[in-house]
Amino acid sequence: MTIAGSVAGCGASSAELEAEVSEITGTALASVDYKVPVQVPSGLVDQIGYNKGSEKVVIFKGEDVTGNFSVYNIETGKQVYTGEILKPVYNEKLDEYDSLGYFNDLDEEGQYCVYTDTTGESYSFSIKEDAYRDLFTSACKKYYINRCGIGLSENYAGDSAHSACHTTMARLQEDPSVQIDVSGGWHMDEQARRDATLGSRIAENLLTAYEMNPSAFTDDTGIPESGNQIPDILDEVRYEVEWLLKMQDPRTGGEYAAAVTDVQKGSDVFAAPVLVTPVSMEATISFASAMARFSYFYQQFDSDFATTALKAADRAFSCFLNNKRAEDDSAAFKAAALLYRATGSLAYSDILDGYFVRPDFDQLFINDENIFLGSVTYLSINQKVDVEKCTYLMKLLMKTSESIAAKASSSSYLVTDEDTEHGFENMLKDMRCLTITDHIIYNHEYTTIIENHVHFLSGINAGAVNYLTDDTERTYLDSGENGLLNDPESVALLIFMLSVLEQ
């Protein structure tokens, strides 16, 4: 049994000439009595862990970190791997020197730390078969924890269990004499706000993630619907869809913007009265998109309910066109693509054609999320499509993905955006793009880039902060920052990128 050295391009290992494991882990080498580092280490690792068989990277901060690094098994205290530290590179944005080390060939399951004479010990990390499965399940289950209108039992929600909330009739903000049932849906913040535009966007991201990597989503995440032969993520989206349908004005087809708690009339946010804010065109067109996308995938599980959703989408789109011009709001392009895929109606195709001929379409594809997602939908349409347009869209998608890959490769942290102070929206959307491209044309490089972004969020960042969970040695709780899983929209995008690693 041997440990081979790192391959070209990943740094040479001292084990390159194939040494016996007993030589690497023998008693002649000093053992390490691991203790949690008192100061933030300069050797940065993924505190959640690394998958067996994956590329495993450690980043060292400091101009004087050179030579070799060692990996120690924490349980035995023995050195199990030695690798080369690559030449430091100056990171102008962070004003620091960073260098890489790879330990790809270490695949034995266990708990480890990295050590150098200069940086000392890193935080601990694991290597195992499915390092991100628990994180993926927790992320998916976040929406169950955020459910409004039902009681959450300890069996399913643990410490987040609570009795049913906001089950009484709400009142329209414009006319408090009108009562409306808007129970259900997902809380979006600590004030228990339920937002139709945001909920529609999240539902769409979850549905698209399912479309790209359906095998990643199971029926056993531990929610009440588990075991019903429908992937739990679709059960969760349905829960939000049922609420979104309640938020549609039956008279106009428009979508009320939000259900907000009137905390001035109740100190307990869970017991506070609820006000429904007026219909907005942003919510209406977002609702149309979400319902069309949902109906397309849910036909195989409940055709009647899927049809209800599709009819609601069509009514909402008509309402939108009665108030705005399709060419003035790119959200109409995305909704038209989804409705054309679901219905084949040429009226929707005509709206798409109006955008395709725009001279700035290339730039819109890069900078406008609606154009990007609508274009991706067009590539998956089974109705009659223009083959030349599909070829054109594929070239734009590949060009965008290649630009993202180039940006990641030029970063000393191997990511597209090293900013941790203003959220992670840019990098999460970049990884959504790579995930979509990886689904259409598999590229191992893209999978590795996606995994490197998970590493970054899990501790390989300038502050050595794990932004994803609160149970490792240094997390967002220690640094006084926000955890990514506390933001519902970021959670959906995280699920999107993790789905690639869970197939």
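Which elements each supply at least two residues of the lining of the largest pocket? In this predicted model, the elements that do so are β12 (125-128), α2 (133-145) and α3 (154-157). Of the elements that contribute, α2 gives the most to this lining, with seven residues. The space within the largest pocket amounts to about 610 Å³, and its lining is made up of 29 residues, of which D134, S138, T469, D471 and L485 lie nearest the centre. When the lining of the largest pocket is sorted by class, 13 residues are nonpolar, eight are polar and eight are charged.

Enclosed space was examined as well. Rolling a probe the size of a water molecule over the atoms shows where empty space is left. Four cavities of 30 Å³ or more are present in the structure, and the largest cavity holds about 60 Å³ of space. The lining of the largest cavity consists of R201, E204, N205, T208, R293, K334, E369, L373 and R432, and the elements that give two or more residues to this lining are α4 (196-212) and α11. Helix α4 provides the largest share, four residues. Six residues of the lining of the largest cavity are charged, two are polar and one is nonpolar.

Helix α12, which spans residues 387-409, contains 23 residues and reaches 33 Å from its first C-alpha to its last, close to the 33 Å expected at 1.5 Å a residue. At the N-terminal end of α12, D386 acts as a cap, with a side-chain oxygen placed 2.9 Å from the backbone nitrogen of E388. The buried residues of α12 are K389, C390, L393, M394, L396, L397, T400, S401, I404, A405 and A408. An α-helix has 3.6 residues a turn, so residues three or four places apart point the same way. The partners against which the buried residues of α12 pack are the helices α9 (346-356), α10 (361-367), α11 (369-379), α13 (425-440) and α14 (444-457). Helix α11 thus appears both among these packing partners and among the elements that line the largest cavity.

A further site of interest is D195, which is found in strand β15 (residues 194-195). With a relative accessible area of 15%, D195 is buried, because this value falls under the 20% cut-off. The side chain of D195 is joined to the side chain of R193 by a polar contact of 3.3 Å, and the side chain of D195 also reaches the backbone nitrogen of L198 at 2.8 Å. When residues up to four places away in sequence are not counted, D195 touches M188, E240, W243, A257 and A258.

The backbone geometry of two loop residues was also considered. Most residues other than glycine have a negative phi, and most peptide bonds are trans. D95, although not a glycine, has a positive phi of about 55 degrees, and D95 lies in the loop between β8 (89-91) and β9 (96-102). H166 is likewise not a glycine and has a positive phi of about 50 degrees; H166 is found in the loop between α3 and β13 (170-172). As to accessibility, D95 counts as exposed because its relative accessibility of 56% is over 50%, whereas H166, at 7% relative accessibility, counts as buried because this value is under 20%.

Technical notes
Residues are numbered from 1 along each chain as its sequence is written. This is a predicted model: local features need pLDDT of at least 70, side-chain atom pairs count only at pLDDT 80 or more; totals for chains, interfaces and linings use all residues. Side-chain values use heavy atoms; hydrogens and water are left out. The expected span of a helix is 1.5 Å times one less than its number of residues. Buried means under 20% relative accessible area, exposed over 50%, partly exposed in between (1.4 Å probe, protein chains only). Contact means heavy atoms within 4.5 Å. A polar contact is a pair of N or O atoms within 3.5 Å; within protein, one must be able to donate a hydrogen and the other to accept it, and residues adjacent in sequence count only if both atoms are side-chain atoms. On a 1 Å grid over the protein atoms alone, a cavity is a set of points where a 1.4 Å probe fits but cannot get out, and a pocket is an open set with protein on both sides within 12 Å along at least five of seven lines; lining residues have an atom within 4 Å of a point. Grid points are joined across faces, edges and corners, and a volume is the space filled by probe spheres set on the points. Ala, Val, Leu, Ile, Met, Phe, Trp, Tyr, Cys and Pro count as nonpolar, Asp, Glu, Lys and Arg as charged, and the others, Gly among them, as polar.
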